[in-house]
Amino acid sequence: MPGDHHAAIEYLLAHADVALPALIDALEGPDSAAACRAAEALGALPGLATDAVSPLGRQALYGSPEVAAAAVAALGNLPASRASVITLEEALRSERTEVRHVAALSLARVEAQGAPVLSRR
């Protein structure tokens, strides 16, 4: 069903003015399962990356373990930005093993895009 996936992404991008706030509300809401799905959706929408990085970054660093891991994975799927790389580098120092693991994988994806990682601040 790849065509269905593509059509869904196109629909969300065409309706970003409604979809983006709803996805961010779900990401930041109390339902962990919905937050994880919202992170996954945001990570699949590179056209919304500029607006998604900040809320994903907050959840990556301060969300519950499962939401943090989903947000870190989503950041690794978006086009690289300075903010996303810094957040992923910060996630490498998380106390949560799963978050560190996903951060390492996400940074590898970012590096594959040709973006510099492990910045010196």
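Q: What covers the buried residues of α6?
A: In this predicted model, local features need pLDDT of at least 70 and side-chain atom pairs count only at pLDDT 80 or more, while totals for chains, interfaces and linings use all residues. Residues are numbered from 1 along each chain as its sequence is written, and side-chain values use heavy atoms, with hydrogens and water left out. Helix α6 (residues 82–91; helices are DSSP runs of H or I, at least four residues, numbered from the N terminus) has as its buried residues Ser 84, Val 85, Thr 87, Leu 88, Glu 89 and Ala 91, buried meaning under 20% relative accessible area with a 1.4 Å probe and protein chains only. Their cover includes α4 (49–62), α5 (65–77) and α7 (97–112).

Q: Is Ser 84 buried or exposed?
A: Ser 84 lies in helix α6 and touches Val 53, Leu 75 and Pro 79, not counting residues up to four places away in sequence, where contact means heavy atoms within 4.5 Å. Because its relative accessible area is 1%, Ser 84 is buried.

Q: How are α5 and α6 oriented to each other?
A: Val 72, Leu 75 and Gly 76 of α5 meet Ser 84, Thr 87, Leu 88 and Ala 91 of α6. The axes, lines fitted to C-alpha atoms over the stretch in contact, with angles from 0 to 180 degrees between N-to-C directions, come within 10 Å and cross at roughly 140°. Angles under 35 degrees count as roughly parallel, over 145 as roughly antiparallel, 65 to 115 as roughly perpendicular and the rest as oblique; α5 and α6 are therefore oblique.

Notes: Buried means under 20% relative accessible area, exposed over 50%, partly exposed in between (1.4 Å probe, protein chains only). Helices (H or I, at least four residues) and strands (E, at least two) are DSSP runs, numbered from the N terminus.
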